[in-house]
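Here is a short note to read beside the structure. Take the points in order and find each residue as you go.

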Amino acid sequence: MATMRRMEIAADSLYKAKLIRGFCHLYDGQEAVCVGMEASINKKDCIITAYRDHCTFLGRGGTLLEIFSELMGRQGGCSKGKGGSMHFYKKESGFYGGHGIVGAQVPLGCGLAFAQKYNKDENVTFALYGDGAANQGQLFEALNISALWDLPIILVCENNHCKDVNLFLLLDFLRLFFTLLLLWNRVLNGWLFGRWHGHC
Amino acid sequence: MWGIVGQRACRHGSSAMSLQVTRPVIHALRSFSTAAKEMTVRDALNSAIDEEMSADPKVFLMGEEVGEYQGAYKITKGLLEKYGPDRVLDTPITEAGFTGIGVGAAYHGLKPIVEFMTFNFSMQAIDHIINSAAKSNYMSAGQISVPIVFRGPNGAAAGVGAQHSQCYAPWFASCPGLKVLAPYSSEDARGLMKAAIRDPDPVVFLENELLYGESFPVSAEVLDSSFCLPIGKAKIEREGKDVTITAFSKMVGYALKAAEILSKEGISAEVINLRSIRPLDRATINNSVRKTNRLVTVEEGFPQHGIGAEICASVVEDSFEYLDAAIERIAGADVPMPYAANLERLAVPQVEDIVRAAKRTCYRSSSLAATA
C-alpha cells in the first residue's frame, strides 16, 4: 500500500511536470480496496476497472517500471506506450483493464463472469466502478442480466465522492447564492423603503 | 456469377437476341450440371452458424428473440433446441448491456455471436463495439483479442421509416480494429459468416432483411462444412470491359440487372461484389478500373462520407491516369428515409439510376447538369 501511495504521488509530480500527457487519474486514498481484494482472491479471478487503474494493475502483478514507462509513453510500458494511463492490462493475471468510458467496464465485467460460468470455472469477476458510474444506464442493464442469468460477478463501488463537488460546480453554487442574496436585498429594500428604482 | 446463371436460366428465350444471350448459359449449365442445389440466404446463415457452433464449443449466440422465438427473422431457427440455453441466450431489450457482456466474454476467450435485431439498434451499443471491442487489441498492445461477431440486418427494409432504415457500413468501416463484411448471395453468406466466426478480431456482419428469402444456387464446395471465404477479397460477379460497377449487399443484385440492361445497349459492365467493406479490396477495384477506365459506385446508404466516397478516393489515389470519365456515385437520397411508398422508392437507388450513371460515364447521355 505504501508503494502504491508513493507511486501515485510520483505520478502526480510527473503529470504536473508534463512528462505524463493527457489524463492521469490517481488512486491515492483508495489503495486499501485493491490490496484487500488481492489478499483474498487468486489470479484466475478476474478484475476489471475504469481508468483509475495504476494500483489495481500493480496489485495484479504489474511492475513499477512497466507502469511508469506506460505513463510516459515508452515501449517498455505494459501496453508498449500505445495505451496510456487509462489502458493497463495483464490478461495472464486476470486483469482486464483499464477502460476510459465511465461505466463501460461493468457490462464487460459481467461478460467476464459469464465466460467463467460458461467454462465452469470456480472463479468470479470483480467489476470496480465509482459514484459517477453508478448513474450509468448500462450498469443497471448489466445488473439485470446478471441477476437473470445468475452470473458470478461482484460489483465493487468505490465511492471517492469524485462526482459530488468539483471546483466549477462550487463556483456556480456560490455565484447562484450571491445572486439570490442580492435579489433578496433589493426586494427587501423596495418593500421596506419604497426604493424600487436605482440602488442606494 | 452463380447469381447470373440462376437468373438467366429462368428466362424463356423468345427472340433471336435472347437466344444469343442464353446460348452460353446453356453451355455453362451443361458443364456444371451437378451443382444445381439452391439455398436461401436465411438457410445459408443458419447452416453456417450451426456448423461453427458444432465445431467449436466456445462459440455461442446471444440477442433478442434468438432462442425461443427462433430468431426475429428466423436466422437462428432450431439452434436453441440443438445447443441448449447455455449457448443460445435470449437477452432483454438492452443493447448496451448485452453487447458489453458479449465483449467481456470475448475478452475471456469465448467467441460470441451478438445479434442486433437491426443495426439501427447497434447505435445503443456502439460504444462497446468501437471502444471496448475494436480498439482493445491495439490499446493493450496485442494482449487482449476480441473474437466477436456483431450481426444483423442493415440498411433499408420496406416501409419501416427513418429510424429503422439506415445503412451503417460507412460508420463501422471507418474504424480501425473492426472488420466489416456485407454478403450478397448464399455463397457469400455461408463463406463470410464462417470466416467472421473464426476470425480473432471483432467483425461487423451486415446482412440485408430483403435478401434473407432470396434463393441462390450453391455448389457442393459451398455446402461443405469447411467452406470459408477470405476476408478482404471482392468478387467479380460479372466480367466486362466498358465500365466498372461496385456494389455490396442488395445493390449487387441491382447492379447485375443494370449490367444486363446495359449489355443490350452495347455497354459491357463489370460488376464487383465488394463482400468486404473493411478491409476494402482496393486491388480488385483498381485493377478493374484500369481495365475499363470508368467507374460507378453503388450503395444504399447516405451519400456523404459513404462507401462510394472511399472507393472514389482509392481510385483517384491509385489509378487516376486510367480514368476516362468522372466517377459516378450512386447512393441513397440525403434525407431520413420517408415512409410513403413513392417517396421511399425515390430515396433508394433503382436499377435505372445505375444504368443512367453507367451511360454518363460512357458519354452516352448528357450530364446531370444538362438534363436538370
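The points below go from the whole model to single residue pairs.

1. **Status.** This is a predicted model. Keep that in mind for every value in this note.

2. **The record for chain A.** UniProt lists residues 1–161 of chain A as "domain: Dehydrogenase E1 component". The entry is unreviewed. In the model, that span is 41% helix and 9% strand. Its end C-alpha atoms lie 21 Å apart.

3. **Chain B as a whole.** Chain B has 372 residues, and 60% of them are buried. Its secondary structure comes to 16 helices and 14 strands. Look also at the contacts in chain B with a separation of 6 or more. Of these, 80% are between residues 24 or more positions apart.

4. **Where the chains meet.** How many residues of each chain are in contact with the other? The count is 35 for chain B and 32 for chain A. Together the two chains bury about 2800 Å². Carbon and sulfur atoms carry 68% of that area. The rule finds 0 salt bridges across this interface. It does find 11 residue pairs in polar contact there, with both residues at pLDDT 80 or more.

5. **What chain B brings to the interface.** Five elements of chain B each supply at least two residues to the side that touches chain A: β2 (59–63), β3 (88–90), α5 (95–107), α6 (126–134) and α7 (136–139). The largest share comes from α5(B), with 10 residues. By type, this side of chain B divides into 17 nonpolar, 12 polar and 6 charged residues.

6. **A:His87.** Find the loop between α4 (64–71) and α5 (105–118) of chain A; A:His87 lies there. Is A:His87 buried or exposed? Its relative accessibility is 10%, so A:His87 counts as buried. Set aside its neighbours within four places in sequence. A:His87 is then in contact with A:Asp53, A:Ser79, A:Gly98, A:His99 and A:Gly100. It also touches B:Met139, a residue of the other chain.

7. **Salt bridges that join distant parts of the sequence.** The whole structure holds 30 salt bridges over all chains. One of them pairs B:Asp199 with B:Lys179, at 3.0 Å from N to O. B:Asp199 sits in the loop between α9 (186–198) and β7 (203–207), and B:Lys179 in strand β6 (residues 179–181), so the pair ties together parts that are 20 residues apart in sequence. Both B:Asp199 and B:Lys179 are buried. Another salt bridge joins B:Arg360 to B:Glu328, with the closest N and O atoms 3.0 Å apart. Here helix α15 (residues 351–361) holds B:Arg360 and strand β14 (residues 328–330) holds B:Glu328, so this pair ties together parts 32 residues apart in sequence. B:Arg360 and B:Glu328 are buried too.

8. **A salt bridge within one helix.** B:Arg356 and B:Asp353 meet through their side chains at 2.7 Å, N to O. Both lie in helix α15 of chain B, 3 residues apart, which is about one turn of the helix. B:Arg356 is partly exposed, at 44% relative accessible area. B:Asp353 is partly exposed as well, at 23%.

9. **A network.** Which residues are linked in a network of salt bridges? They are B:Glu51, B:Glu52, B:Arg190, B:Lys194 and B:Arg198. Trace these links in the structure before moving on.

Technical notes. Residues are numbered from 1 along each chain as its sequence is written. Chains are lettered from A and ligands numbered from 1 in the order in which they are written. This is a predicted model: local features need pLDDT of at least 70, side-chain atom pairs count only at pLDDT 80 or more; totals for chains, interfaces and linings use all residues. Side-chain values use heavy atoms; hydrogens and water are left out. Contact means heavy atoms within 4.5 Å. Buried area is the accessible area (1.4 Å probe) that two parts lose on being put together, summed over both. A salt bridge is a side-chain nitrogen of Lys or Arg within 4 Å of a carboxyl oxygen of Asp or Glu. A polar contact is a pair of N or O atoms within 3.5 Å; within protein, one must be able to donate a hydrogen and the other to accept it, and residues adjacent in sequence count only if both atoms are side-chain atoms. Helices (H or I, at least four residues) and strands (E, at least two) are DSSP runs, numbered from the N terminus. Ala, Val, Leu, Ile, Met, Phe, Trp, Tyr, Cys and Pro count as nonpolar, Asp, Glu, Lys and Arg as charged, and the others, Gly among them, as polar. UniProt positions are given in the numbering used here, feature names are shortened, and annotations may be inferred rather than shown by experiment. Buried means under 20% relative accessible area, exposed over 50%, partly exposed in between (1.4 Å probe, protein chains only).
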